[in-house]
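Work through the following exercises with the sequence and the coordinates open beside you, and attempt each task before reading its solution.

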Amino acid sequence: MRVNFTVNGRPQEADDVWEGESLLYVLRERMGLPGSKNACEQGECGSCTVRLDGVPVCSCLVAAGQVEGREVVTVEGLAEFAKDRAEHGAGHGGCASGACGTSLDEAKKWQARPTQDSQTGEGVELSPIQQAFIDAGAVQCGFCTPGLLIAADELLERQSDPSDQDIREALSGNLCRCTGYEKILDAVRLAAARQGEAV
Amino acid sequence: MAQNTRTVPAGTPTNVTQNHAKGGIGESTLRPDGTLKVTGEFAYSSDMWHEDMLWGQTLRSTVAHAEIVSIDISEAVAMSGVYAVLTYDDLPSEVKNYGLEIQDTPVLAHGKVRHHGEPVALVAADHPETARRAAAKIKIEYRELPVVTDEASALAPDAPLIHEGRDDHHSGHVPHPNIVHRQPIIRGDVAAARERADVIVEGEYVFGMQDQAFLGPESGLAVPAEDGGVDLYVATQWLHSDLKQIAPVLGLPEEKVRMTLSGVGGAFGGREDISMQIHACLLALRTGKPVKIVYNRFESFFGHVHRHPAKLHYEHGATKDGKLTHLKARIVLDGGAYASASPAVVGNASSLGAGPYVIDDVEIEAVALYTNNPPCGAMRGFGAVQACFAYEAQMDKLAAKLGMDPVEFRRMNAMEQGTVMPTGQVVDSPAPVAELLRRVKARPMPPERQWETAGEGADVRALPGGLSNTTHGEGVVRGVGYAVGIKNVGFSEGFDDYSTARVVLQVINGEPVAMVHTAMAEVGQGGVTVHAQIARTELGVTQVTIHPADTQVGSAGSTSASRQTYMTGGAVKNTCEAVREKVLEIGRRKNGSYHPAWATAELLLEGGKVVTDGGEVLATLADILEGEQPIDLELEFRHRPTVPFDLVTGQGDGHVQYTFAAHRAVVEVDTELGLVKVIELATAQDVGKALNMLSVVGQIQGGTTQGLGVAVMEEIIVDPKTAKVRNPSFTDYLIPTILDTPTIPVDVLELADPNAPYGLRGLGEAPTLSSTPAVLAAIRNATGLELNKTPVRPEALTGTL
Ligand code: FES
Ligand code: FES
C-alpha cells in the first residue's frame, strides 16, 4: 500500500508498505530517518517516541497505515519544530513553512556511517531541550535520547515550570539504562529555567 | 596573562601563565558526539543501511537440551524473497566454535542444543518480515534430553555432561566436568581463628540472574568485499577480540575481515561475546550482498550472556570488641551452557569474596557450573557484585549480633593502604573504605514523609506504588541501609592486557591539529571525550579529532573491567608523550641554536607553543611542524604485570588496581502490599583522579541504578524444570524507570593511585556493587525481615511467598 503523510513538515509518500509495518519501520528503513530508535518495538521503552498530530506516541505501536494524511515530528525535526513554536506560539504544530526536515531524496542518500568525525555537528542549531541534554551530561550511549527529547519537549510545551514529580511522571514511559536519570532531570530543569529566563 | 607573540626564530622570551588548552583533563568537557546524538544523526549499529541490503534472521532453539534429529529447510528456501538459509552443514571452515577463553560455543548448533534460544539456522531475505516467516518455516525435530539446572543436577552421579570430552585448560583441575572452573583462596588458619570468635554468623544468599538490558539491540551490517573478504560494521565492546573469533570461523585471514565500530547503545558486559557478528558475515559471504541483522528485544534476551546467578554460603566470626576473626565462604555461580567469561568471574568472586575488610584467616571456594540455563558471562561488577551482596549482609548480621552500629562495625574492620588481601596481595595505593562510609553516613537524611503535601493530603507519586494510588501513607515504613564494596580494575590473573593508540600531529590551515586513533569501543562511557582531553593536555593543542574505531589500528582491549580510561587513556597519554618528544626533536633541529633553553630547560607544550617550565615561550607548534611530515606514532600501553592465582591456595598478585564505592540507601516500604520505593541512594567513591567530573558522576549514577534494579525488580526467570526463559521482554523483565530511581547524590574522592596514569582509578563498575546490598539492608531495616535473595519481590515482604 501507499501511505502519504507529513514528516517534519514535509509531505512524504511511502510505497509498497506492508500491512504489518510500523510507523517506526517506515521512518527508519524507508524514509532514511533512523533518529527514532528501536529498543523494544513493544511499546515499553519509549525510544521510538514521535509526535503524531502533536501527541507523543510510541511509533513502534502505530501501524504505518494509521498515519495516512497526518503529521509526524521526529527527533530529526525537533529543532525546527521548537523554533517554529517559539516564533508562532504553542499549538502551532508541525512545520507550516515546509522548510524543515530531511527530504526523501536527501534521506535516501543516507549511508552506513559507523561513527563520524568528532567535530561534525557543531554549530548546528538545536532546540533548548537538545542543548540542555548535552550541557547537563544527560547523554551517555544516547540510544534513549531521541525518545526522551520528544517527551521532554512536549512536557515543557504543556508546562513551562514542571516540578520534579511532574518530570518523572512525564518521562516514566522512557527507559534509560545508562544515566540513572539524575542528569536527565537536570537537563529538563535546565531547559525549563532557560525557557523561563528567555520569556 | 597569555601572550600570543611569535618568538621564532629570534623572539624575546615571553612569560606565559597557565595557558592550558581548553578542554583538558580535569574539566567537564562535553561529549564530542553529543550533537549527533541529540539530533538523531548518530549512526547506531541498527541504523546501518545499504542499498540492496538483505535482512538476516536467526532461528533459535525452542528447547533447552536436545539432540537435533533433523532440520528441514526446504519450505523456507522456496519462499520468494529468501536468498539463503544456512545451517551447521553450511559452515565454511573447520573451525565451527568460538568463545572468549574456551572455544565451546557453536556458531550454529550441531547435533545438540544446550540452552533455550541457541542459534540453529539463519535466513537472509529482502524484508525482515519475510526473513522471520521463512525462519518459522524451518522444521526441526528435537529429541529432548534431561536438563541440568543447578548444582545438584549438574554434579549428580548420573548427570548428563554438558560438554562431553572437554579438553580445555581448566578441565584438568576441576573436580567434575560440569564445573567450568574452580578457584579456592586459602590464607591463615580458619579453624584456629574460629576458636577466637565470640560470635559467628552464617547466611545463605541467592543472587538472581540479571540482564545488561542495554537499549540498543544487537545489530550490524556485513558487506561482502571484492577481495573475498567482508567489512563488518557492528556494536561491540572489543573489536579485536571479535575479529580473532570471527575470522577462523569464516575461513578468512584476519586482514580480510575489516571491522569498524558503529554506534553502540550501551553494553555493560553484554557485548563482550559474539552475537550476530559471524551470522551476518556468513550470510553476506553466501549471498554476495550486504546483510543487516537487528535483534528485536525478545531475541536480544537470548542473544547475549547474562550476569551469573549465584548461591553463596558465608560464615564470619568476630570477637566481642568487633574484630573480624575469619571467613569461610562458598560461591556457586551458574555459568549456563557455555563458558563465556565464567573462569574470570570465578577468579573475581573468590579473590574479592572477603570484601574490603581485614580478615587474616580465610577459606573461600568459588566455582562456575555448566548447566542448560542461559549462558552467563560479563556484566558490570563481574563476580564482585554477587560476593558483595553476601558479605555486606553478613556485616549487618554481625553488627546486630554484637549490638554495634553497622557502619561503625565496618569501619573498625575496613581495609586500608597496606592491608594484605586474602590472595596475599598487598594493597599498595589508597583504600579509603572507612572514609567512604563516613561520607555517606554524614550526609543529611532526606526529609521524612516527603509525600505529605501542605493541605492536599498525600502526593501519591512520592509513595510506594506511585500513581497506582495504592496507599496514602498508611502502612509505610522507612529504613536505612549501608554497604561498601571492592572491585578490581582491568584484566587480572596474568592476562597480557594492553591497549594501543595512534596519534597524529600536524598543521592544518596554520593550526596544530591532533588526531587520535584507537580501536576503543565507545559504548556511552565517554572515552571519546576523555581521549580528546588527554591529547589537548599532553600536546597543548585545542583541536583534536577522534578517528572512528576500527581494526586498522592495534587492539585497545575491551571496554570493560573499568579499564578503558586507564588502559586506552594511558595509551593515548604515552603516545602523546612520544609525539611531544618528536616535536621537541624537530624544534631543537630547527631552532635549537636560537635559545639555550632548548638544550637545558624542561620543555612543555602549552597553548600551541613550546614553553619552558619557567613559562618562557620558545616556539609555536605551527612553526615547528610547518613543512614537516605529520608526526604519526602508534604505541602500546601495558599496566604492571599480574600473576595467575595459585590453583590450590589462590595466592598471587593477581590484580592491577582496586576501586571502592559506598552507598547509603533510604527506602520506604508499603508493608501491606510489599511495595518498595527507594527515596535516596547516596554514593561515595574514590576515583583517584576525575578526568571529567561530569562523566564520572554520570557513570556512578548509572551504575548505582543498575544495582538498585537488581535489588528490587530485575531478574531473568528460568523455569527450573525445563530451563526455558520465561520473561524475555521489557514487559516482563523490568528495569528501573525514572519513577523507580531516586536522587543519587554523589561524593567523589580523588586519592591518586601512584601506579596509574594521572593517578586515576577505573570507576564504571564499583557503584554497581554496593548499591544492591545497601537497598537490601534498608528494606531489612524497615521491615525487620531477613531477605536473602535478589530481587526482593512483594511476596517476600508480605509473607505470601
Ligand atoms: S521501541 Fe517503541 S516503545 Fe520501545
Ligand atoms: S540508554 Fe544509554 S543514555 Fe540512556
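The exercises below concern a predicted model, and each task is followed by a worked solution.

**Exercise 1.** Determine the strand order of the open sheet of 5 strands in chain A, and explain which strands stand at its edges.

*Solution.* Begin with the order, which in chain A reads β2-β1-β5-β3-β4, with mixed pairing. Next, consider the ends of that order: β2 (10-14) and β4 (55-58) of chain A each have a single partner strand, so one side of each is left without a neighbour in the sheet. From one strand to the next, the twist averages 40 degrees. Then take one pair in detail: β3 (residues 49-52) and β5 (residues 71-73) of chain A are antiparallel and joined over 2 bridges, with A:Arg51 standing opposite A:Val73. Finally, add helix α1 (residues 23-30) of chain A, which packs on the sheet by touching β1, β2, β3 and β5 of chain A, its direction making about 75 degrees with that of β1(A).

**Exercise 2.** Describe the contact between chain B and chain A, from its overall extent down to a salt bridge.

*Solution.* First, count the participants: 81 residues come from chain B and 65 residues from chain A. Second, turn to area, where the two chains bury about 5,900 Å² between them, 58% of it on carbon and sulfur atoms; in chain B, the residues losing the most area to chain A are B:Val38, B:Trp49 and B:Ile738, together 14% of what that side buries. Third, consider charge: the count between the chains is 6 salt bridges, and B:Lys292 forms a salt bridge with A:Glu29, with the closest N and O atoms 3.1 Å apart. Lastly, among the elements of chain B that touch chain A, α17(B) gives the most, with 8 residues.

Key:
Residues are numbered from 1 along each chain as its sequence is written. Chains are lettered from A and ligands numbered from 1 in the order in which they are written. This is a predicted model: local features need pLDDT of at least 70, side-chain atom pairs count only at pLDDT 80 or more; totals for chains, interfaces and linings use all residues. Side-chain values use heavy atoms; hydrogens and water are left out. Two strands pair if DSSP finds at least two bridges between them. Helices (H or I, at least four residues) and strands (E, at least two) are DSSP runs, numbered from the N terminus. Axes are lines fitted to C-alpha atoms, for helices over the stretch in contact, and angles run from 0 to 180 degrees between N-to-C directions. Contact means heavy atoms within 4.5 Å. Buried area is the accessible area (1.4 Å probe) that two parts lose on being put together, summed over both. A salt bridge is a side-chain nitrogen of Lys or Arg within 4 Å of a carboxyl oxygen of Asp or Glu.
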